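Load the model and keep the selection panel open. The tour starts at the ligand and ends in the protein interior.

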Amino acid sequence: MVPIPKIAPGNEFGPLLIKRGERVFVLTGAGVSAESGVPTFRDAGGLWEQHRVEDVATPEGFERAPELVWRFYSERRKKAATVQPNAAHLALARLGEQIGDDLFLCTQNVDALHERAGSRGVWHMHGRLLSTRCSECSRAPFDDESAYEKAPRCDCGALLRPDVVWFGEMPYGLSRIYQALEETDLFVTVGSSGAVYPAAGFVSHLRHLGRARCIYVGLEKPENAHAFDECRLGKAGDLVPSLFELANR
Ligand code: NAD
């Protein structure tokens, strides 16, 4: 029988105990950065800063109008410098300090708020806003905070593009992610609507493996709620700081 998830306000649950040697996988989505003032897709009704996602976050959109796409990401780069990590980012950085390599922190976000809160080794499965790569050649992606008015070009002559994973593209490092999932004892998703795959499918994969506790933390029930053991409803900044308790460490 498939268990029914407990879905309730976050303050109705106790902390999640992490025993010595247990592996924790935390997947964050746009909701973890919402309280820092970075808008989620959902808040904007499917629009991203007033643009249609198909225009600014797909390879086809970039092919059609590279300047529009670069102006969009350049604006986001400028805004990124003005926002600060919130209590949820800080709490996850603290957890990393406490349990070290037993934490795998994977984010769908392209912002750098986990790093700015002090997290190390963050897995950016959808790339990074402050990185640029060539759309054609194999030159390594490079750190880049520049805002561009015109679409810049690589030394090879092709267009440079933001080093982010657009809709229809393959996320970065999926084999490393699935390896980490295989070893996971506690899986926690924070602030992700459960609508963007493959990330939304990680929890079902774990359900199939049958070894991890799976917990959701976020404002509302996600679309993949059925696969979690618990959905703890509330703001990430309110719930994440008291979410974990270390036992026997
Ligand atoms: P989403 O916008 O689809 O969903 C955000 C989720 O966060 C919603 O379920 C919402 O209920 C929840 N939420 C909103 N405020 C919250 C809060 N204060 N605390 C906890 N939860 C809150 O985002 P998604 O599921 O991450 O998927 C969208 C895609 O958009 C991702 O691939 C991501 O790369 C991209 N994106 C990234 C950023 C960013 O880098 N910060 C921002 C917007 C979108």
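Select Ser 193 and the ligand: an N or O atom in the side chain of Ser 193 is 2.6 Å from a ligand oxygen atom. Keep in mind that this is a predicted model. Add Ser 192, which places a polar side-chain atom 2.8 Å from an oxygen atom of the ligand. Now show the backbone of Ala 30. One of its N or O atoms lies 2.8 Å from an oxygen atom of the ligand.

Switch on the ligand surface. On its own, the ligand exposes 850 Å², and the protein buries 96% of that.

Next, select the whole shell. The ligand has 28 residues around it, and those that come nearest are Gln 108, Asp 111, Ser 192, Ser 193 and Glu 220. Colour the shell by class: 11 residues are nonpolar, 12 polar and five charged. Which element gives the most to this shell? Helix 1 does, with three residues. Helix 1 spans 31-34, and strand 12 also gives two or more residues.

Leave the ligand and select Val 26, Val 188 and Phe 244. These have the most contacts inside the largest nonpolar core, a set of 23 residues. Elements giving two or more residues to this core include strand 3 (24-28), strand 11 (186-190) and strand 12 (213-218). Highlight helix 5 as well: its five residues are the largest share of this core.

Zoom in on Val 26. Beyond its sequence neighbours up to four places away, Val 26 touches Leu 92, Leu 103, Phe 104, Leu 105, Cys 106, Val 188, Val 190 and Phe 244.

For the last stop, select Leu 27, Met 125, Leu 206 and Ala 212. They belong to a second, separate core of 21 residues.

Notes. Residues numbered from 1 in each chain as written. Predicted model: local features only at pLDDT ≥ 70, side-chain atom pairs only at ≥ 80, totals over all residues. Heavy atoms only, no water. Core = buried A, V, L, I, M, F, W, Y, C linked by side-chain atoms within 4.5 Å. Buried < 20%, exposed > 50% of the residue type's maximum accessible area, 1.4 Å probe, protein only. Helix = DSSP H or I, 4+ residues; strand = E, 2+ residues; numbered from the N terminus. Contact = heavy atoms within 4.5 Å. Near = heavy atom within 4 Å. Polar contact = N/O pair within 3.5 Å; in protein donor to acceptor, adjacent residues only side chain to side chain. Areas by Shrake-Rupley, 256 points an atom, 1.4 Å probe, with all protein chains shown as cover. Nonpolar A, V, L, I, M, F, W, Y, C, P; charged D, E, K, R; others polar.
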